[in-house]
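Open the structure in your viewer and switch to cartoon view. The tour below says what to select next and what is there.

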Amino acid sequence: MKIFFKRILLLLPLLFLTSCFDILDKVNVKADGSGEYLLIFNASKSKTRLASISKMETINGKKVPKKAEIESKINEAARVFKSVPGISNVKTAMDFDNYIIKLSCNFKKIENINTGLEQLKAKNILGKMIPTQIYAHNPAKKSFVRNKIHTFKSDYDKLSTADKEVFNNAKYTSVLQFENTVKSQSNNAYQLSPNKKAMKLEGNILDIILQKKQIQNTILFQ
């Protein structure tokens, strides 16, 4: 599973041994550009299956990572994030009973998160396909951008049938919260809250990988 984990998504190969998992990506941005970042991997819907898989050495010809290996990867990711200028208060939480893992931090500007992800990729904690230049914020122009990601269709097509099944029911949710009021956005797939200070995008991870659902968005504030 280690090779597959490096090629496809983030951090946690054990979660990708089941197709029933959720990823939540949450950003809270203040008017001055600082804010909070939260990433949650939740496979609690498959905890019974994962508990059984975790006792195995291999599955579908791939090595099953043990708890210590996963903890080591998460702790290494936290150390990398802590070393990035502008990032502080890095916290991790690992619930191996329900298979929920969290990584959170504060940032001085959202581009600090891009730098942190780039460093995770440089240290092979993230796979090469993972986009890192995700966000951009310009307080002077009152704009916030969620950048477009490239399609991974060719990489997906090369996977075995068993590996493709991992993505069948996997879900992704992006939540963007702001101190400023949103004036407009370029992607109406994001649901805007009644107070116009938060928005949410939900979809199947496979649709995002294959760009059937777009995540890019340019947001302008009042």
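**A pair of residues, then outward**

Select L38 and S104: S104, in strand 6, is the bridge partner of L38. Keep in mind that this is a predicted model.

Now widen the selection to residues 35–42 and 100–107. These are strand 2 and strand 6, paired in the antiparallel sense over 8 bridges.

Show the whole sheet next. It is open, has 7 strands and mixed pairing, and its order reads 5-6-2-1-9-12-11. Go to its edges: strand 5 (87–95) and strand 11 (191–192) each pair on one side only.

**Helices across the sheet**

Select residues 67–82. This is helix 3, which lies across strand 5 and strand 6. Helix 3 runs at about 170° to strand 5.

Move to residues 111–122, helix 4. Helix 4 lies across strand 2, strand 5 and strand 6, at about 130° to strand 6.

How far apart are the end C-alpha atoms of helix 4? They are 17 Å apart. The 12 residues should span 16 Å at 1.5 Å a residue, so the two values agree.

**Inside helix 4**

Which residues of helix 4 are buried? Show side chains for N112, I113, N114, L117 and L120, and mark G116 too: these six positions are the buried ones. An α-helix has 3.6 residues a turn, so residues three or four places apart point the same way.

Add the surroundings. The buried residues of helix 4 pack against strand 2, helix 3, strand 5, strand 6 and strand 7 (135–138).

Last stop: N124. This residue follows helix 4 and has a positive phi, near 60°.

Technical notes: Residues numbered from 1 in each chain as written. Predicted model: local features only at pLDDT ≥ 70, side-chain atom pairs only at ≥ 80, totals over all residues. Heavy atoms only, no water. Pairing = 2+ DSSP bridges. Helix = DSSP H or I, 4+ residues; strand = E, 2+ residues; numbered from the N terminus. Contact = heavy atoms within 4.5 Å. Axes fitted to C-alpha atoms, helices over the stretch in contact; angles between N-to-C directions. Expected span 1.5 Å × (residues − 1). Buried < 20%, exposed > 50% of the residue type's maximum accessible area, 1.4 Å probe, protein only.
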